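Open the model in your viewer and keep the selection tool at hand. We will begin with the whole chain and then stop at a handful of places along it.

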Amino acid sequence: MLVVAALGGNALLRRGEPLTAGAQRANVKIAAESLAGIIRAGHQLVITHGNGPQVGLLALQGAAYKPDEAYPLDVLGAETEGMIGYIIEQELENALGHDRPVATLLTQVLVDKDDPAFKKPTKFVGPVYDKEEAETRAEAAGWHIARDGDKWRRVVPSPTPLEIPDMRVLQLLLEQGVVVICAGGGGIPVLRLNDGSIIGVEAVIDKDAASALLARQLGADALLLLTDVDAIYRDFGTATAAPIHRLTVAEAKILDLPAGSMGPKLAAAGNFAESGGLSGIGRLEDAVAILERRAGTCIVS
């Protein structure tokens with residue numbers, strides 16, 4: 001099968017860990033073993049990943065510049081794609097014994113300039129703060145902030161991904177048997193101007209939505225949304241919580257999940273499953289078992 005595997009932020013940095021290169025590499029090394037298992041099982045693999053903490057850190061570093069000299073979010077997204085892709089690429093090559101070509105592709109993703117998300121920022125980036133510090137930083141930098149669990153974080157626009165202009169390059173790499181790492185952090189958000197040219201825009205695209213778009217446009221057989229939770233749960237966080245191992249697209253659409261947790265993952269999984277492929281949500285270490293429908297939550301048409 002052609003499998004698109006989307007790594008959640010926990011694959012790179014667990015909540016509360018310091019934003020250091022060492023911490024990220026240690027987590028990616030563990031993730032690479034699970035990803036290598038998909039390849040050893042005989043499948044072709046495309047990897048996507050999150051970048052929320054990393055792009056937020058770069059934005060904080062940019063605060064050292066004058067306001068008109070700081071790099072915009074699309075450029076920061078490209079920087080994180082290169083940085084994270086490099087680590088995943090290297091650790092996956094090591095896990096595979098260097099017997100398979102692996103490449104990272106900086107991936108542009110087209111969005112609509114009139115997307116309502118530009119007027120209502122919702123995507124978390126950067127580290128967490130207590131409310132007082134978040135408000136102080138927001139006032140100084142002109143941020144929007146929102147509650148994330150018991151903490152607060154910066155939020156930025158997250159428009160809907162529409163098209164992947166780099167699709168031809170992706171297909172060429174796959175035809176040559178390359179394991180591709182792409183669309184990191186949801187890809188680099190770009191607009192198409194009236195003259196047909198493309199330009200970056202200040203936003204961060206949802207990684208799961210971009211991964212579903214990528215999987216559909218590639219004609220993938222399966223989309224795995226890999227995180228640190230073993231499945232989607234009914235009544236999560238209550239005494240009656242129970243894992244859901246199988247959902248149809250219709251059932252997924254009416255299941256009420258919080259927007260800040262599994263909601264976007266379920267929406268992306270259902271979106272892809274409508275095309276006839278298998279969508280799976282579950283733990284990174286269960287990736288092969290999810291493909292075989294022995295673990296996680298599977299969403300089917």
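The tour below goes from the overall view to single helices, loops and residues.

**The whole chain**

Start with everything shown as a cartoon, and bear in mind that this is a predicted model. You should be able to pick out nine helices and 16 strands in the protein chain. Turn the view along the principal axes: the C-alpha atoms fill a box of roughly 50 × 50 × 40 Å.

How does the radius of gyration fit a compact globule? For 301 residues, such a globule would have a value near 19 Å, and the protein chain has 19 Å, so the two agree. Of the 301 residues, 51% count as buried. Contacts reach far along the sequence as well: among those between residues at least 6 apart, 72% join residues at least 24 apart.

Now switch on the surface. The protein chain exposes about 14,200 Å², and carbon and sulfur atoms supply 52% of that area. If you colour by charge, look for 28 positive and 38 negative side chains. The centres of these two sets lie 3 Å apart.

**Helix α3 and the glycine after it**

Select residues 73–95, which make up helix α3. Try a distance between the C-alpha atoms at its two ends: they are 32 Å apart. At 1.5 Å a residue, the 23 residues should span 33 Å, so the distance agrees with the expected span. Next, click on G97, which follows α3 and has a positive phi, near 70°.

**A buried aspartate in a loop**

Move on to D115, in the loop between β4 (108–110) and β5 (123–129). Is D115 buried or exposed? Its relative accessible area is 13%, and buried means under 20%, so D115 counts as buried. Show what surrounds this residue: leaving aside neighbours within four places in sequence, D115 is in contact with P159 and T160. Add S158 to the selection too; its C-alpha atom is 9.0 Å from that of D115, although the two residues are 43 apart along the chain.

**Residue A141 of helix α4**

Select helix α4, residues 131–141, and go to A141. With a relative accessibility of 47%, A141 is partly exposed. Then bring up L60: A141 and L60 are 81 residues apart along the chain, and their C-alpha atoms are separated by 9.6 Å.

**Two positive phi angles outside glycine**

Where is A183? Look in the loop between β8 (179–182) and β9 (188–192). Phi of A183 is near 50°, a positive value in a residue other than glycine. A183 is buried, with a relative accessible area of 1%.

Now jump to R293, in the loop between α9 (287–291) and β16 (297–300). R293 is also a residue other than glycine with a positive phi, here near 60°. Its setting is another matter: at 54% relative accessibility, R293 counts as exposed.

**Helix α8, the last stop**

Finish by selecting residues 263–273, helix α8. How many of its 11 residues are buried? Eight are, so this helix is mostly covered. Show side chains for the buried set, which includes L266 and F272 along with K265. The alanines A268, A269 and A273 are buried too, as are the glycines G263 and G270. While you look down the helix, remember that an α-helix has 3.6 residues a turn, so residues three or four places apart point the same way.

How values were computed. Residues numbered from 1 in each chain as written. Predicted model: local features only at pLDDT ≥ 70, side-chain atom pairs only at ≥ 80, totals over all residues. Heavy atoms only, no water. Helix = DSSP H or I, 4+ residues; strand = E, 2+ residues; numbered from the N terminus. Expected span 1.5 Å × (residues − 1). Rg over C-alpha atoms; globule rule 2.2 N^0.38 Å. Buried < 20%, exposed > 50% of the residue type's maximum accessible area, 1.4 Å probe, protein only. Contact = heavy atoms within 4.5 Å. Areas by Shrake-Rupley, 256 points an atom, 1.4 Å probe, with all protein chains shown as cover. Lys, Arg positive; Asp, Glu negative; His and termini not counted. Charge placed at Lys NZ, Arg CZ, Asp CG, Glu CD.
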